[in-house]
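Reader: I'm new to this one and would love a close look at a single part. Could you take me through the cysteine links, and then show me what else is packed around the chain?

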Amino acid sequence: MNVPILEPNLIAIPSAYVLFPSVSDSPTDAFLAPEILRTALHIKIEALVEKVVCIYHHHTFNKNIQNQTPYNMDHKTNTTLLFSLLFFITHLSNALSKDLCNENDKNTLLKIKKSLNNPYHLASWHPETDCCSWYCLECGDATVNHRVISLTIFAGQISGQIPPEVGDLPYLQKLVFRKLTNLTGQIPHSITKLKYLTFLWLSWTNLTGPVPDFLSQLVNLDYLNLSFNELSGSVPSSLSLLPKLTYIDLSRNKLTGTIPESFGSFPGEVPYLILSHNQLSGSIPKSLGNLDFNRIDFSRNKLTGDASMLFGANKTTFSIDLSRNMFQFDLSRVVLPQSLGVLDLNHNGITGSIPVQWTEYSLQLLNTNTTLLFSLLFFITYLITIATSKDLCNQNDKNTLLKIKKSLNNPYHLASWHPETDCCSWYCLECGDATVNHRVISLTIFAGQISGQIPPEVGDLPYLQSLMFHRITNITGQIPSTITKLKYLRSLRLSWLNLTGPVPEFLSQLMNLEYLSLSFNQLSGSIPSSLALLPKLSYVDLSRNKLTGTIPESFGSFPAELAYLILSHNQLSGSIPKSLGNLDFNRIDFSRNKFTGDASMLFGANKTTFSIDLSRNIFQFDLSRVVLHESLGVLDLNHNGITGSIPVQWTEYSLQILNVSYNRLCGPIPTGGSLQRFDSYTYFHNKCLCGAPLDSSCKPLAYIYHYKFPLQLTLKHTTIMSKATTLLLFLFFTLLLTTSLSKDLCHKDDKNTLLKIKKSLSNPYNNIISWDPKEDCCTWFNVECGDATVNHRVTSLHISYDQISAQIPPEVGDLPYLQTLIFRKLSNLTGPIQPTIAKLKYLRFLRLSWTNLTGPIPDFFSQLKNLQYIDLSYNDLSGSIPTSLALLPKLEYLELSRNKLTGPIPELFRSFPGKAPDLFLSHNQLNGSIPKSLGKLDFYRIDLSHNKLKGDASMLFGTNKKTWTIDLSRNMFQFDISKVKVAKTVNLLDLNHNGITGSIPVQWTELSLQTFNVSYNRLCGPIPKGGQLQRDGAYAYLHNKCLCDITFLFNKKDFESMPEKALLKTVDPDLDLLITRRNVGNSAKYLMIPLELRL
């Protein structure tokens, strides 16, 4: 491009670009940036104007320079140049103030919102704001004129159909509608207009109709996922025409017919092919043998014939699942790829023997003892041949299950329950082994579109050991009494339903019951005392119901060890039975009830309790006398009437979670141990608690007594004065005291200001209703006054959990002695952060969270020199993080998470004047690299997760640091983890979803990690054995490049009810895992493999 020179350090650019200073003296080195219109938001327009004026004066008044330049201009020319440039800059300024969003895209998105009935999930889609800032979507850069390129609508309360207007977003590259169970209808044809679409994910909805043939028109499509729908018909052969397709998932639908022959000839890279849980039939096309799949899943269909062509020594396949079909081929001749890690062939008619060569492969799903394998090889083959010739399922059980299916209105979730198939192969249940004649022992119905009541026929499965109905909100009615017939029942979980009625007395008849969870229902009435008669019960969860009454006295005498007692979120009342002090719970949760009296009997030095939650009750006891056991990790006592002081001995305990706020505690917070590790939120709103991390320093006891009781005379003075004089003085000061007590402590100016705040908030009904002008404002809810040293001025204002629709009242700045300001969990509180807050010179604690505040994080915060705690999380704040926050000399806690912040982490954050604050910046849109200088700081807690940060983050680690938690998950960090040395103090380490390389250091086995996750990275090598690294399960490691040897050790007792077979579905359906089991002495070793492996 030929650029006409106006001046040695200024260049002219066509109108598609912007005036921009040259980066060198040579005009040929000029930097031309097409995106400068957007990045120029950081350029001062005023400075550019000054530059132009300087040029004007330069040409007009500096004759020497005019004579030297080859581009001489007269005064008229200069004037014309000046006004031309000023005119251009004016237009530039206007351009910078406009939305990035394309007007056509905005109109289309508003139509989509309207088509979906304006759901709250899309509340940020406001026509007066820039659509590129809206939730659920993403705009491209200037190369596509900032058109919308991504639309992701996920897990909201949305009903309707996919709006056809999605086709009117012509630059869309990514389209996701996911986990929207009320989204129905067919896939709209208008999608064919999306010529740039590369990613289409329409899953966990209720779409019907066929998989459209027109999808073959999306020639840029790379990823296609239509799983968990109600799609029917055949698989269209035209999908194989897509030249860039690398992933196909059509699982969990109602597709029929055969796999298309054309699927043997994909033009591009061979895709992941997932067709499981359908009704596909026929043979697999032989041409599929020509392809080298990474993952293939044809499980739970009706496919027949030969599938051996999918294997081969020259392939690089990692996962093959052909289970629960009718395949028939000779396994003896199958040669596996060396890369194969997952192989599932269960429930077929496969013959032959297991090849000896398989001993050479590192199969993760065939983790059996090879010696035993070959000793019993022919015997096992014989058993398989017999077993596949007839149904294992008991006929009575099958008939009962079909009645249960009918009672639930034949839901699609139970589509595999077909009378002509073996019920032991049906989804949602499990049969026992030959010792119980293969009777049904487990029934788990979870998260389906099911309505009705729990069928009484469940009582007709006499060998049932585990019964679960979970996360089915349309299951209503009462718990059926037929359950009492289940004499072998060990686990009963009826949770996240809508069950009503009482907790039945008849549950006491289930003498083998060990686990009982009836949480998240609408159960009412009292807790039956008869539950204490169950001899094996070790887990009781009745939380989140409407239970009333007291805890039964009998609960202090369970025959077995009651490890877990969870009764939270009910309406229980009264005192806790003293007999509960005889029990040694692992976890106890009585929170959010109306309990009163003493609860100190739950503590004790000889107990091994890990978690105690008594929060939000009306307990009253002296904390000074409470002795804890060193095993206690979680203690929550907030919002009670607990008195006394915090014992010094508590400094010896390694508490992970502590909260004693909103009580009546007094005295200093003991120093040492972990008690100062917690922020002031752990301790605040107590009667006279003092010391770090609270702001209030502790006064000498004598001074407090002297201050409050000036007439507290010593014995010496009393003896000198006559009795009459003493009596007169006593009466005089009693009169003064009575007079002072009758007056308001509240300062008049503060009361007037608070009443203005109330009015500004539209006089809300909740706690603020106590703000009566006739009452002392120091007694009002949500308000706290200081002592006489500040003339009882208001020092704390805390407004939360209220139906308030307004902005933060500017009058808060007129409470000059305010130290604590909280507006929290007020979703209708909008607008910017009020600049009047800058007047609060004594402010130490600022929490504006879970509101809908907008605008930038104000720079004026840097004026609040006493500020120690800032929490602005869960808002809609935008812009960059102001560097001036690093100037706050006392800042100890900074949380800006869950906003829309952009830009990098300020370099100035390296130089906080005090100690490094707890730093929480997660769930924003921050980008760029972490400043290396942050490595010099010793953060106690740091959370940078869910951003777009990249580069190296290893500087945050170090053995000489005292860091407690590090969360860097879901970014784009890239560094070698092999060289990272972690401080032994680290308790939580989450690095998932990055590009981290290397191997896990052996030294990490020495860490006491409570939470650990390195999944979705590029790690390689073996996972070191020992320590806590095997505690968090396979989920902590999956989706890495080549991590291996993920084994876990469990107590054999926990799994003694499981049948001895190669593959088992895990007990908890929330974790979709398979388990391979091998006995090792008195323990059992397990290999846990995710069913949804995606490397």
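Author: Let's start with Cys-101 and Cys-131, which are joined by a disulfide with an S to S distance of 1.6 Å. Keep in mind that this is a predicted model, and that distance comes from the model's atoms. The link between Cys-101 and Cys-131 is right-handed, with 85 degrees about the S-S bond. This pair ties together distant parts of the chain, 30 residues apart: Cys-101 sits in the loop between helix H4 (75-97) and helix H5 (103-115), while Cys-131 sits in the loop between H5 and strand S3 (137-139). Are these two cysteines buried or exposed? Cys-101 has a relative accessible area of 9%, so it is buried, being under the 20% cut-off. Cys-131 is at 0% relative accessibility, so it counts as buried too.

That link is part of a set, since the structure holds 8 disulfides. In general, a disulfide is a covalent bond between the sulfur atoms of two cysteines.

Now hop along to Cys-424 and Cys-431, another disulfide, with sulfur atoms 2.1 Å apart. This one is left-handed, at -95 degrees about the S-S bond. Both Cys-424 and Cys-431 are buried. Cys-428 is buried as well, with a relative accessible area of 12%.

Further on, Cys-1020 and Cys-1042 are joined by a disulfide, S to S 1.5 Å. The link of Cys-1020 and Cys-1042 is right-handed, with 90 degrees about the S-S bond. Here again distant parts of the chain are linked: Cys-1020 is in strand S59 (residues 1020-1022) and Cys-1042 is in strand S60 (residues 1042-1044), 22 residues apart. What about their exposure? Cys-1020 has 21% relative accessibility, so it counts as partly exposed, because buried means under 20%. Cys-1042, at 37% relative accessibility, also counts as partly exposed.

Some of these cysteines fall in or beside stretches that have a record. UniProt, in an unreviewed entry, places the feature "domain: Leucine-rich repeat-containing N-terminal plant-type" at residues 103-139, 395-431 and 747-785. Over residues 103-139 the chain is 35% helix and 8% strand, with the end C-alpha atoms 12 Å apart. Residues 395-431 are likewise 35% helix and 8% strand, and their end C-alpha atoms lie 12 Å apart.

The second of those stretches leads into the packing. The largest nonpolar core has 98 residues, and Leu-443 and Phe-590 touch the most other members. Helix H8 (395-407), strand S20 (429-431), strand S21 (440-446), strand S23 (466-470) and strand S25 (491-495) each supply at least two residues of this core. Of the contributors, S21 gives the most, with 3 residues. Phe-590 has plenty to hold on to: setting aside residues up to four places away in sequence, it touches Ile-551, Leu-565, Leu-567, Ser-568, Ile-576, Leu-580, Phe-595, Leu-602, Asp-613, Leu-614 and Asn-617. There's also a second, separate core of 90 residues, which includes Leu-891, Ala-953, Phe-957 and Leu-1043.

Rings are the other thing to look for, as the structure holds 31 aromatic pairs. One of them is Phe-845 with Tyr-869, a stacked pair at 4.0 Å centre to centre with 10 degrees between the planes. The two rings come from distant parts of the chain, Phe-845 in strand S45 (residues 845-849) and Tyr-869 in strand S47 (residues 869-871), 24 residues apart. Both Phe-845 and Tyr-869 are buried. Tyr-893 and Phe-920 make a tilted pair instead, 5.3 Å centre to centre and 40 degrees between the planes. Distant parts are linked here too, with Tyr-893 in strand S49 (residues 893-895) and Phe-920 in strand S51 (residues 918-920), 27 residues apart. Tyr-893 and Phe-920 are both buried. These two pairs belong to one aromatic cluster, formed by Tyr-662, Phe-684, Phe-845, Tyr-869, Tyr-893 and Phe-920.

Last stop: charges over rings. Lys-179 lies over the face of Trp-204, 4.8 Å from the ring centre. Arg-471 has its charged end over the ring of Trp-496, 4.2 Å from the centre.

Note on methods:
Residues numbered from 1 in each chain as written. Predicted model: local features only at pLDDT ≥ 70, side-chain atom pairs only at ≥ 80, totals over all residues. Heavy atoms only, no water. Phe/Tyr/Trp six-rings, centres within 6.5 Å; stacked < 30°, edge-to-face > 60°. Helix = DSSP H or I, 4+ residues; strand = E, 2+ residues; numbered from the N terminus. Buried < 20%, exposed > 50% of the residue type's maximum accessible area, 1.4 Å probe, protein only. Lys NZ or Arg CZ within 6 Å of the ring centre and 35° of its normal. Disulfide = S-S within 2.5 Å. UniProt positions renumbered as here; feature names shortened; annotations may be inferred. Core = buried A, V, L, I, M, F, W, Y, C linked by side-chain atoms within 4.5 Å. Contact = heavy atoms within 4.5 Å.
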